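Let's go through some labels and ask what each one rests on. Here is the model to look at alongside.

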Amino acid sequence: MTATVNNPANAERPMVAFAGVTKHFGGTGDQTGFTALAGIDYSVPKGVITGIIGRSGAGKSTLIRLVNGLEKPTSGQVLVDGVDVGALDDAGLRTLRRSVGMIFQHFNLLSSRTVADNIGLPLEIAGHDRKAIEAKVGPLMELVGLSDKAGRYPAELSGGQKQRVGIARALATEPSLLLSDEATSALDPETTQSILDLLKTINRDLGLTVLLITHEMEVVKTIASRVAVIDKGLIVEEGRTFDIFTRPRHETTQALLSASIGAKLPEWISSDLKPVPAAGDRAFVRLIFFGDTAFQPLTARLVAELGPEVNILAGAIDEISGEPFGSLVVAYPADPQTLARANTFYQQTGLATEVLGYGA
Ligand SMILES: Nc1ncnc2c1ncn2[C@@H]1O[C@H](COP(=O)(O)OP(=O)(O)OP(=O)(O)O)[C@@H](O)[C@H]1O
Ligand SMILES: [Mg+2]
């Protein structure tokens, strides 16, 4: 077989593969220390933006630090484009880190260096001469929209501008993979959006694979086409962001998402709902439907099927990594006949449903 750019073996090989990865901090036996990663088997595909979400302490940073060799696994393997990171010597690690860029929550810029010199730092370390560095840094500053700030120092920049410097610096060695550890967590929503737009552009125009970890659902929802959910050192759910966000199966995913996706009930209603119906109660149900055109016909059919006692309490059209979906929160009598009619209707239409609870 000839080696070509389109070699399917290359296309199929994941950018990052975690195989049976555990990470234990402190102590020598099982009785002491802390298990941050409890057995990760997970692959990050090439060319797309993948998000890893999880609560604080779930193991996100530990996981991403294994990818560029800042941590070593206690057991298992981390392969970056087929290379076993744990087996690399110092020279191997230096080579790896040129092909894996990283950006951070607090930017990690050198305060005594100008914007241009911060961006050029990885090239200096790699031994490039002044001229070669200048030739690279100019276009990078243009890419991130900071051409007019070349001679400024980090203290003179806004948070969003500092992160743009971080991104340009991470791209200086032309990596094939960009790691992001909460890169937008210190930024306001508008600045976050502009940084996410920049990451999207970089992914699209440079074909760069992006692996980002975050506790912000909005970030994943806006730019990641795939997502994995990490909980207590394990990946508990993964797949296309649209599928996971519209039909979360694991309780951690449901808990992380409940506040951020689709139509919501006001707190004064949701806080009063019970898990089982009492006589005369109504069922409060969230319906998820796909595409942006189903809203009107669906509400009409729902009323036709369930009768005039169905109430529509909230509705929203939303978007996940560019794909539209709608959600409705409805309430109807929780008597056996109505519940049975509703279930038949959901089965016929393939609607995704979530029972929020029962109440008056
Ligand atoms: N060097 C270390 N020594 C001991 N324990 C550690 C070390 N680094 C991380 N841990 C522990 O491992 C667990 C996972 O940490 P990690 O930083 O990966 O979490 P995280 O998901 O990134 O959380 P956050 O969202 O707060 O950044 C935490 O309980 C943390 O205390
Ligand atoms: Mg972290």
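Q: How do you know that much of the contact map is long-range in sequence?
A: This is a predicted model, and in its protein chain, residues 24 or more positions apart account for 70% of the contacts with a separation of 6 or more. A contact here needs heavy atoms within 4.5 Å.

Q: What makes the pair between Gly57 and ligand 1 a polar contact?
A: The cut-off is a pair of N or O atoms within 3.5 Å. A backbone N or O atom of Gly57 sits 2.8 Å from an oxygen atom of ligand 1, so the pair qualifies.

Q: Why do Gly59 and Ser61 get that label too?
A: For Gly59, a backbone N or O atom is 3.0 Å from a ligand 1 oxygen atom. Ser61 uses a polar side-chain atom instead, 2.9 Å from an oxygen atom of ligand 1. Both distances fall within 3.5 Å, so both pairs count. As for cover, ligand 1 exposes 630 Å² when taken alone, and the protein buries 59% of that.

Q: What makes a residue part of the shell around ligand 1?
A: One of its heavy atoms has to lie within 4 Å. The residues around ligand 1 include Phe25, Phe34, Arg55 and Lys60. β2 (34-44) and α2 (60-67) each supply at least two shell residues, and α2 gives the most, with 3.

Q: What percentage of the 360 residues count as buried?
A: That's 46% of the protein chain, where buried means under 20% relative accessible area.

Methods: Residues numbered from 1 in each chain as written. Chains lettered and ligands numbered in written order. Predicted model: local features only at pLDDT ≥ 70, side-chain atom pairs only at ≥ 80, totals over all residues. Heavy atoms only, no water. Buried < 20%, exposed > 50% of the residue type's maximum accessible area, 1.4 Å probe, protein only. Polar contact = N/O pair within 3.5 Å; in protein donor to acceptor, adjacent residues only side chain to side chain. Areas by Shrake-Rupley, 256 points an atom, 1.4 Å probe, with all protein chains shown as cover. Helix = DSSP H or I, 4+ residues; strand = E, 2+ residues; numbered from the N terminus.
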